[in-house]
Number of protein chains: 2
Amino acid sequence: MSTDEESGTRSRTRRAVLAAAAQTLSRDRSATLADIAYAADVSRSTLHRYFSDRDELVAAVVEDSLRVLEESVAAAAIHEGPAIEALRRLVTALVDVGDRLMFLFGDPRVLDGGGGAVDPQESVVDLVRRGRAEGVFDPELSPRWIEQVLHALVYTGVTEAAEGALPRHGVAALVTRTLEHGIGGVRS
Amino acid sequence: MSTDEESGTRSRTRRAVLAAAAQTLSRDRSATLADIAYAADVSRSTLHRYFSDRDELVAAVVEDSLRVLEESVAAAAIHEGPAIEALRRLVTALVDVGDRLMFLFGDPRVLDGGGGAVDPQESVVDLVRRGRAEGVFDPELSPRWIEQVLHALVYTGVTEAAEGALPRHGVAALVTRTLEHGIGGVRS
DNA sequence: CCTCTTTGGGACACGGGAGTCCCAAAAATG
DNA sequence: CATTTTTGGGACTCCCGTGTCCCAAAGAGG
């Protein structure tokens, strides 16, 4: 669980493979290990040295992506301040880790086990509840639905940006605006 | 292009395979032909008799799904009446063909060639433009973005329903409400 | 009831991805 | 500069999905 102190060149290579795998697999979940190795600028042999199994690699990517995601969300401090402000910070945080998010969405449907949504972020659920309590979220929408919508819009925004249909910097604002007011605009 | 009059038992089998393929592939785009055959309650041999190639099968499913989708959208008559009303009918139409939509989303990203969105529905683009002209859609949101959001929310709604987290009948209304006002509710 | 169609399922070959092993070269480390 | 670590890449086997063929059985249709 703690740092295995594998450090040195190895740690860097592992990170590179992990990142490349996340990115490649997010685009094509059935990408070849050779593809991933190529994207990581590493030979297939090397990849196998770090992750003997394909499953092992995928699992590692999931874990790593989850970690990155959680760090980003934690940094958004969504427990503080008004719900709407927190929501905006949350959206920004999610968009920032777009690549990892994309991967997390597309694969084993991370909610494998059972309960939670894609990310086990209990804090997001709390935020939604808080927003409802403050009266800034539509009380007719269930927390789960709101969370799903949040994910869907972030996903869409990140995808559009990845395809060049949207400038990177505008994504968070656009998602936030749409999330808050829908397509009807502020005066809806 | 017209009906090849292959009818008889054959036509029925073909439909069954197509439907099963759409459903199976929408859940797992890398499903085995054996899986699909099993889902269609048909032997692998039979499947090959109808679609010699995997690509051929996928192409057929895409074409068929597109046809079903277009029929549904056409029935919604989205050119008539106020944009908001038309939008509501459109959402309902899309939700109705949820299975096919799910498939269409997940596979070759039907926009292969180039321009349009997932569905070549020029009419949807028209609707968006009309809505903006009528002032009922946020003018700061691009038509493309609005269309993407529409797709994303429908997709989310259908998925939630498929997982039992939402009652089938409530989906269209929920999606429409969220689409129009976001999570902030009507008084946003 | 007989014939033609459609199906099931076994057997087979092919191809490609996955996983393993090994050795020489490159790079890091002290 | 010498040693150890890390890497690249070839060679090989195994497995599984795919596609093809064939024949006997079930079913449809007149």
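For this tour, Ala, Val, Leu, Ile, Met, Phe, Trp, Tyr, Cys and Pro count as nonpolar, Asp, Glu, Lys and Arg as charged, and the others, Gly among them, as polar. The model is predicted.

**Stop 1: the surface near DNA strand C**

Select DNA strand C and the protein around it. You should pick up 19 residues. By class, they divide into three nonpolar, eight polar and eight charged. The closest are A:Asp53, B:Thr13, B:Ser45, B:Thr46 and B:Arg49.

Now colour by element of secondary structure. Helix H1 (9–27) of chain B supplies at least two residues of this surface, as do H3 of chain B and H3 of chain A. H3(B) gives the most, with five residues.

**Stop 2: polar contacts to strand C**

Show side chains. Start with B:Thr46. One of its polar side-chain atoms lies 2.6 Å from a phosphate oxygen of DNA strand C. Move to B:Tyr50. Here an N or O atom of the side chain is 3.0 Å from a phosphate oxygen of DNA strand C.

Next, switch to chain A and pick A:Arg44. What does its side chain reach on DNA strand C? The partner is a base oxygen, 2.9 Å from a side-chain N or O atom of A:Arg44.

Then select the atoms of DNA strand C within 4 Å of the protein. Sugar or phosphate holds 48% of them, and bases hold the rest.

**Stop 3: the surface near DNA strand D**

Switch to DNA strand D. Around this strand there are 19 residues, and those that come nearest are A:Thr13, A:Ser45, A:Thr46, A:Arg49 and B:Asp53. Of the atoms of DNA strand D within 4 Å of the protein, 46% are in sugar and phosphate. The residues of this surface split into three nonpolar, eight polar and eight charged.

**Stop 4: polar contacts to strand D**

Zoom in on A:Thr13. An N or O atom in its side chain is 2.6 Å from a phosphate oxygen of DNA strand D. Cross to chain B for B:Arg54. A polar atom of this side chain lies 2.9 Å from a phosphate oxygen of the strand.

Turn the backbone on for B:Leu33. Which part of DNA strand D faces its backbone N or O atom? A phosphate oxygen, at 2.9 Å.

Finish with the helices. Helix H1 (9–27) and helix H3 (44–50) of chain A, plus helix H3 (44–50) of chain B, are the elements that give two or more residues to the surface near DNA strand D. H3(A) gives the most, with five residues.

Conventions: Residues numbered from 1 in each chain as written. Chains lettered and ligands numbered in written order. Predicted model: local features only at pLDDT ≥ 70, side-chain atom pairs only at ≥ 80, totals over all residues. Heavy atoms only, no water. Near = heavy atom within 4 Å. Polar contact = N/O pair within 3.5 Å; in protein donor to acceptor, adjacent residues only side chain to side chain. Helix = DSSP H or I, 4+ residues; strand = E, 2+ residues; numbered from the N terminus.
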